[in-house]
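Biologist: I'd like to learn how to read a structure like this one. Could you walk me through it, feature by feature?

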Amino acid sequence: MYAEDDELTRLFSAMPEMLPVYRVLEDRINELCGNVDVRVQKTQVAFSDRFGFAWASLPVRRRRGWPERCLVVTFGLGCRREDPRIAVATEPYPGRWTHHVLVERPEDVDDELMGWIEESHQFSLAKRRGGRART
């Protein structure tokens, strides 16, 4: 599925130059994960297959060292990933790690990022089945 254009225009009104970056991300998620639910919410776009596995948002508050303009791509895994591209990783629940990657250009939506999103999608599907995905 794809998000509605008018909802995306509203969400990206503060940073319209990030909308083309988002569209690349949405296309790649649809190619990789198939028919998933895409919901534009007040502050983010959520991708889910019953459970959420990826989110895209604009930074609410920029941290020191963050780019002036970027898209925050968030995904959840069963363990923490250490990588220089991951700006923030937190464990809101035991065994569930939330990771945030800052994406500035369409080419930043690369195979490495999509690999993490695919892993997050599999982790989400395993939660639905009541098991744990390998990470």
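Biologist: Let's start with the whole chain: what percentage of the 135 residues of the protein chain count as buried?

Modeller: One thing up front: this is a predicted model. In it, 45% of the 135 residues count as buried. The C-alpha trace spans about 40 × 35 × 25 Å along its principal axes. A compact globule with 135 residues would have a radius of gyration near 14 Å, and the protein chain agrees, because its value is 14 Å.

Biologist: And how many helices and strands are there in the protein chain?

Modeller: Three helices and six strands. Going along the sequence, the pattern reads α-α-β-β-β-β-β-β-α. You can also look at who touches whom: among contacts with a separation of 6 or more, 55% are between residues 24 or more positions apart.

Biologist: Okay, helices. Which residues of H2 are buried?

Modeller: General idea first: an α-helix has 3.6 residues a turn, so residues three or four places apart point the same way. Now the case here. The buried residues of H2 are Leu19, Val21, Tyr22, Leu25, Glu26, Ile29, Asn30 and Cys33. Helix H2 covers residues 19-33, and its 15 residues reach 21 Å from the first C-alpha to the last, close to the 21 Å expected at 1.5 Å a residue. Right after H2 comes glycine 34, with a positive phi near 80°.

Biologist: Next, strands. In what sense do E1 and E2 pair, and over how many bridges?

Modeller: Strand E1 and strand E2 (residues 44-49) pair in the antiparallel sense, over four bridges. Three residues make up the hairpin that joins E1 to E2. For one spot to look at, find valine 40, which stands opposite valine 45 in E2. Then check the two faces of E1 (residues 37-40): Val38 and Val40 are on the covered face, while Asp37 and Arg39 are on the uncovered one.

Biologist: Cysteines catch my eye too. How many disulfides does the count come to?

Modeller: A disulfide is a covalent bond between the sulfur atoms of two cysteines. Here the count comes to zero. Take cysteine 33: its closest cysteine sulfur is in cysteine 79, 18 Å away, so that is too far for a bond. Cysteine 33 is buried, with a relative accessible area of 10%, and cysteine 70 is buried too, at 0% relative accessibility.

Biologist: Last topic: charges. How many salt bridges does the structure hold?

Modeller: For this feature, look for a side-chain nitrogen of Lys or Arg within 4 Å of a carboxyl oxygen of Asp or Glu. The structure holds 10 salt bridges. One of them links arginine 80 to glutamate 82, with the closest N and O atoms 2.8 Å apart. Arginine 80 is partly exposed, at 39% relative accessible area, and glutamate 82 is exposed, at 62%.

Biologist: Which parts does the pair of arginine 81 and glutamate 119 tie together?

Modeller: The closest N and O atoms of that salt bridge are 2.4 Å apart. Arginine 81 lies in the loop between strand E4 (71-77) and strand E5 (86-93), and glutamate 119 lies in helix H3 (residues 111-129), so the pair ties together parts 38 residues apart in sequence. Arginine 81 is partly exposed, with a relative accessible area of 21%, whereas glutamate 119 counts as buried at 18%.

How values were computed
Residues are numbered from 1 along each chain as its sequence is written. This is a predicted model: local features need pLDDT of at least 70, side-chain atom pairs count only at pLDDT 80 or more; totals for chains, interfaces and linings use all residues. Side-chain values use heavy atoms; hydrogens and water are left out. A disulfide is a pair of cysteine sulfur atoms within 2.5 Å. Buried means under 20% relative accessible area, exposed over 50%, partly exposed in between (1.4 Å probe, protein chains only). The expected span of a helix is 1.5 Å times one less than its number of residues. Two strands pair if DSSP finds at least two bridges between them. The radius of gyration is taken over C-alpha atoms; the globule rule is 2.2 Å times the number of residues to the power 0.38. Contact means heavy atoms within 4.5 Å.
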